[in-house]
Amino acid sequence: MTDTDLLPKVPIQHDRRPPTDMVREAEAFAERMARRRSVRDFAGDALPDGVIEAAIRAASTAPSGANVQPWRFVVLTDPARKRRLREAAEAEERAFYDRRASPEWLGAIAGLGTDWRKPFLEIAPAVIVVFEVHQGPHSPKPYYVKESVGIAVGLLISALHHAGLVTLTHTPNPMRFLNEVCERPPEERPYVVMPVGYPAPDAQVPELTRKPLDEVMIRW
Ligand SMILES: Cc1cc2nc3c(=O)[nH]c(=O)nc-3n(C[C@H](O)[C@H](O)[C@H](O)COP(=O)(O)O)c2cc1C
C-alpha cells in the first residue's frame, strides 16, 4: 500500500454522555430488545411509507470485512411475487419436513410447532430476502461474508423491532430457488427470508426462556 492508497481520515462523531445516562439507556435498550419475538402469524395491514427503507439503511451501516458490504436486500411487496415465493418455499419445505430433515433436526424444532406451510410469506405486507454478495462481474471478492451479513441482519431485526414491526428469520432449506423468485444473479446467495409486518390480532408465540446473563457472559 502506498500513501495514495490510504483513505483520508475524518474526525469520529461521538458524543460522550454522563455514565448514568449510558447505563439507563443500555438497560432500556436491553429491555426493549427482550420484547422482540419471532412472529409466524401476520396481519395483512400495509406498512407506513419509508419504514422498510429506513430499516435497511440501518442494516447497511453494519461493519463488514474490508468494508465490502457484501449484502443485498430484496423487498417483495407485489402480491403475485409473494405468492410465487410462498409456493416455491412450501415445495422445498414439504420435501424438508417429509424426507430431508433428520429425526434429530425435527426433534429440535418440534416445540415450535412449525410445518411446511408458510402462509406468512403471502400475508405479510413485505418480505425482505437477504442475499450474500460474492465475487462476480460487478462485485469484488468479499471477506467474512457470513459474519458481515449476519451482523447486518441483526441490525435489520433490531431496526424493525425499534420501529414497532415484527419479523421472522426464516431459512427455507435449500434456498437457491430464491435467486429465481427475486431475479438475482448466481454470485448472490440467499441468506435469510424475513416477512415483515404486524402480528395477527390472535397471534401467539412459543413461551421461551432466554439464558440468564451469568450463563452467557464470562468475566475474568
Ligand atoms: C438463523 C436462524 C434461522 C431460523 N430459521 C427459522 C425457520 O426457518 N423457520 C422458523 O419458523 N423460525 C426460524 N428461526 C427462528 C427461531 O426459531 C427463533 O428465533 C427461536 O425459536 C427464538 O425465538 P425468538 O426469535 O422469538 O426469540 C430461525 C432463527 C435463526 C436465528
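In what order do the elements of the protein run from the N terminus on? They go α-β-α-β-α-α-α-β-α-β-α-β-α, which gives 8 helices and 5 strands to keep in view as you turn the structure around. Bear in mind that this is a predicted model. Its C-alpha atoms fill a box of roughly 55 × 50 × 40 Å along the principal axes.

Let's look next at how the chain is put together. Of the contacts with a separation of 6 or more, 84% join residues 24 or more positions apart. Buried residues account for 25% of the 220 residues.

Now step inside. In soluble globular proteins, nonpolar side chains tend to be buried together. Here the largest nonpolar core has 38 residues, and V127, I128, V129, V130, V153, M194 and V196 are those with the most contacts inside it. Several elements each supply at least two residues of this core, among them the helices α3 (79–100) and α6 (145–162) and the strands β2 (71–76), β3 (126–133) and β5 (188–199). I128 is a good place to pause: leaving aside residues up to four places away in sequence, I128 touches F73, V75, M194 and V196.

From the core, move to the ligand. Around the ligand you will find R37, S38, R40, L112, T114, L168, T169, H170, T171, V205 and L208. This shell divides into 4 nonpolar, 5 polar and 2 charged residues.

Finally, a word on annotation. An unreviewed UniProt entry lists residues 34–198 as "domain: Nitroreductase". Over that stretch the chain is 41% helix and 18% strand, with the end C-alpha atoms 18 Å apart.

Terms used
Residues numbered from 1 in each chain as written. Predicted model: local features only at pLDDT ≥ 70, side-chain atom pairs only at ≥ 80, totals over all residues. Core = buried A, V, L, I, M, F, W, Y, C linked by C-beta atoms within 7 Å. Buried ≥ 20, exposed ≤ 12 C-beta atoms within 10 Å, placed from the backbone. Helix = DSSP H or I, 4+ residues; strand = E, 2+ residues; numbered from the N terminus. Contact = placed C-beta atoms within 7 Å. Near = placed C-beta within 6 Å. Nonpolar A, V, L, I, M, F, W, Y, C, P; charged D, E, K, R; others polar. UniProt positions renumbered as here; feature names shortened; annotations may be inferred.
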